[in-house]
Amino acid sequence: QVQLVESGGGLVQPGGSLRLSCAASASGSIFSINTMGWYRQAPGKQRELVATITKSGATNYADFVKGRFTISRDNIKRTVYLQMNILKPEDTAVYYCNADEVSYLSSDGRQYGYDCWGQGTQVTVSS
């Protein structure tokens, strides 16, 4: 079992900043994580991609966050971050962490977790 725990959400005024973190853990040691990313879902809307980053550091951003958000990761800490600047009311959503192709050790030997999700953290941008 792979677990992703997000933190850092909250209420911020328009133009403000927040930094989200997501730490991955498993029943045993994690050997590697291929792609990690952030998605978001606003009320009444479908979940959408915000940004992703591969284990080699290649990034991909949705057009609506380019120039404002920065994704990064610490492969040793098995953690992905999302620095969000110049926040807008339309950024209000639940932000979810995703990890794909997680290689870890379990009691049954080496296992892989695919398309793993965190529980989400609320980000509200409002004055």
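Select Met84 to begin: leaving aside its neighbours within four places in sequence, Met84 is in contact (heavy atoms within 4.5 Å) with Gly16, Ser17, Leu18, Leu20, Arg68, Phe69, Tyr95 and Val123. This is a predicted model, in which local features need pLDDT of at least 70 and side-chain atom pairs count only at pLDDT 80 or more, while totals for chains, interfaces and linings use all residues. Residues are numbered from 1 along each chain as its sequence is written, and side-chain values use heavy atoms, with hydrogens and water left out.

Next, widen the selection around Met84 to the largest nonpolar core, which has 33 residues, and in which Trp38, Leu82, Met84 and Tyr95 touch the most other members. Such a core is a set of buried Ala, Val, Leu, Ile, Met, Phe, Trp, Tyr and Cys residues joined through side-chain atoms within 4.5 Å; buried means under 20% relative accessible area, exposed over 50%, and partly exposed in between, with a 1.4 Å probe and protein chains only. Among the strands that each supply at least two residues of this core are E1 (2-7), E3 (18-26) and E12 (121-125), and E9 gives the most, with six residues. Strands here (E, at least two residues) are DSSP runs, numbered from the N terminus, as are helices (H or I, at least four residues).

Now pick Asp91, in the loop between strand E8 (79-84) and strand E9 (93-106). Is Asp91 buried or exposed? At 1% relative accessibility, Asp91 counts as buried, and its contacts beyond four places in sequence include Arg40, Arg68 and Phe69.

Turn then to the aromatic rings, where the count comes to two pairs. Rings of Phe, Tyr and Trp (its six-membered ring) pair if their centres lie within 6.5 Å, and planes under 30 degrees apart count as stacked, over 60 as edge-to-face and the rest as tilted. Select Tyr39 and Trp117, whose ring centres are 5.0 Å apart with planes at 65 degrees, so the pair is edge-to-face. Because Tyr39 lies in strand E4 and Trp117 in strand E11 (residues 116-117), the pair ties together parts that are 78 residues apart in sequence. The other pair to show is Tyr112 and Tyr114, which is stacked, at 6.3 Å centre to centre and 20 degrees between the planes.

Finally, keep Trp117 in view and add Arg47, whose charged end sits over the Trp117 ring, 4.6 Å from its centre; this requires NZ of Lys or CZ of Arg within 6 Å of the ring centre and within 35 degrees of the ring normal.
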